[in-house]
Amino acid sequence: MTTTTPTVLTPERRREHRAWYTYDWANSAFSTTVAGVLFGPYLIAIAEEAAVDDRISVLGVSVAPGALPSFTITASTLLSALLLPLLGAVADRTAKKRQLLGGFAWAGAAAAALLFFVQGDNWELGVVSFMVANLCFGAAAVVNDSILCLIAEPDERDGVSSRGWAAGYAGGGLLLAVNFVVVSMHETFGLTEGMAVRLSLLSAAIWWAAFTLVPVLGIKDRPPLAVEPAEGGVLQRSFGQLWATLKDMRRYPVALTFLVAYLFFNDGIQTVISSASIYGVEELGFATGTVLATYLLVQAVAVVGALGFGRAAAAYGAKPVILVGLVIWMLIVTAALFLPAGALVPFLLLGTAIGIVLGGTQSLSRSYFSLLIPEGKEAEYFSFYHAMERGTSWLGTLVFGLVYTLSGSYRPAVFALIAFFVIGGLILSRVDTAKGIEQARTGGVARGSAA
């Protein structure tokens, strides 16, 4: 290891950090109000209006309305897996990452705004709009997370990432609190419940678009580093960069091992998040307003959880703290299997447990992975990372949808996710942090040598 001078956080760098935090504040409106709470139950209600014999036809395949949100997320994630790695190559070759961030965020917000027009039995518009919004959400997240490596030194990243996640949960929770009032008291405002939900979906799109202005204006452009030489236009050069990275990834086996672990345990986390409101409404019988209030509780606790996990990582290291979080996730999905229908207090306790580990496991995963990435390829590596990231999980949602379809109950569907936490945790336990950092700094394992 080489010695480095102490990190100096100047007022200019501090302002840039705060601008970066604001994007988590901005995009969490979509991940909470839309993806986390309202989209799933609302899409099911719309699909049920169009159902014939309790089935709808999706590209010629008969699907139960209750499984439609899970399959929608699965489809958007498969598209992400194909497109995001190419996006990473584009982002690493440009100095204008903040402009890319804004472009994808605003395109996603525009698609999310179209959800306002989903009504009657028009579930197709809801599926397409959400898929586009979710794809843009992942694309913007790739760029945003790659910027973390540019604005924060390695010893700062656990703290910066944790504060970003905390800001996200605070922002998402604040808007969700407003939407909770609108949905639960819709009659007071002279609205139908459907109109209240549609206005809430629209508010998330506006929030996402408006606050994205802060990082776009507040983060400096930086020239790309260590890009692969390639000829042709930007698209052709990006394919060349991507191909070179794919060939060279075997030189960073520790980073690849972490990615495989992350594939499993993050799929479990994302599926719990995206399915929690469906589970609360459809399986436990709670009103939408009650689920909104519980989700709001999760957001508030997650702010404290993210900051607490960040401090724990400073004392014990990110990897052991993540592993403890995964054990808690296993206990959560096990408890969900036995949670009595209509029992509010156990449901709130379960939500509190989710909030404690939710922000911490995600924020530390982001900062931990950033230590294993070679310089100049941050966006490319984060593009592979985000093919498996929040709101774009496909293995978990696929398993969840299939188990529900076969069993007719959300309880075994939730419990089936324990396999993702067990497998992910076992693989993560084999990751050698010191070796991974050394590989990132020295150019990886030499060709022909053992990992």
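A residue counts as buried when its relative accessible area is under 20%. D145 meets this criterion in the predicted model, because its relative accessibility is 4%. The residue is found in helix 4. Its contacts reach beyond its sequence neighbours. Leaving aside residues up to four places away in sequence, D145 touches W20, R366, F382, Y385 and H386.

Helix 4 also holds a residue with another setting. This helix spans residues 123-151, and E124 lies within it. E124 has a relative accessible area of 40%, so it is classed as partly exposed. Partly exposed residues fall between the buried limit of 20% and the exposed limit of 50%. E124 belongs to a negative surface patch. The other members of this patch are E48, E49, D121 and E282. Helix 4 thus carries both the buried D145 and the partly exposed E124.

The chain as a whole gives the context for these two acidic residues. The protein chain contains 17 helices and two strands. It has 451 residues, and 55% of them count as buried; D145 is one of the buried residues. The accessible surface amounts to about 17,700 Å². Carbon and sulfur atoms account for 68% of that surface.

Contacts across the sequence were also examined. Among contacts between residues at least 6 apart in sequence, 84% join residues at least 24 apart.

Methods: Residues are numbered from 1 along each chain as its sequence is written. This is a predicted model: local features need pLDDT of at least 70, side-chain atom pairs count only at pLDDT 80 or more; totals for chains, interfaces and linings use all residues. Side-chain values use heavy atoms; hydrogens and water are left out. Patches are made of residues with over 30% relative accessible area and no salt bridge: like charges are joined within 9 Å, nonpolar side chains (Val, Leu, Ile, Met, Phe, Trp, Tyr) within 5 Å. Accessible areas come from the Shrake-Rupley method with a 1.4 Å probe; for residues, only the protein chains shown count as cover. A salt bridge is a side-chain nitrogen of Lys or Arg within 4 Å of a carboxyl oxygen of Asp or Glu. Lys and Arg count as positive and Asp and Glu as negative; His and the chain ends are not counted. The place of a charge is taken as NZ of Lys, CZ of Arg, CG of Asp or CD of Glu. Helices (H or I, at least four residues) and strands (E, at least two) are DSSP runs, numbered from the N terminus. Buried means under 20% relative accessible area, exposed over 50%, partly exposed in between (1.4 Å probe, protein chains only). Contact means heavy atoms within 4.5 Å.
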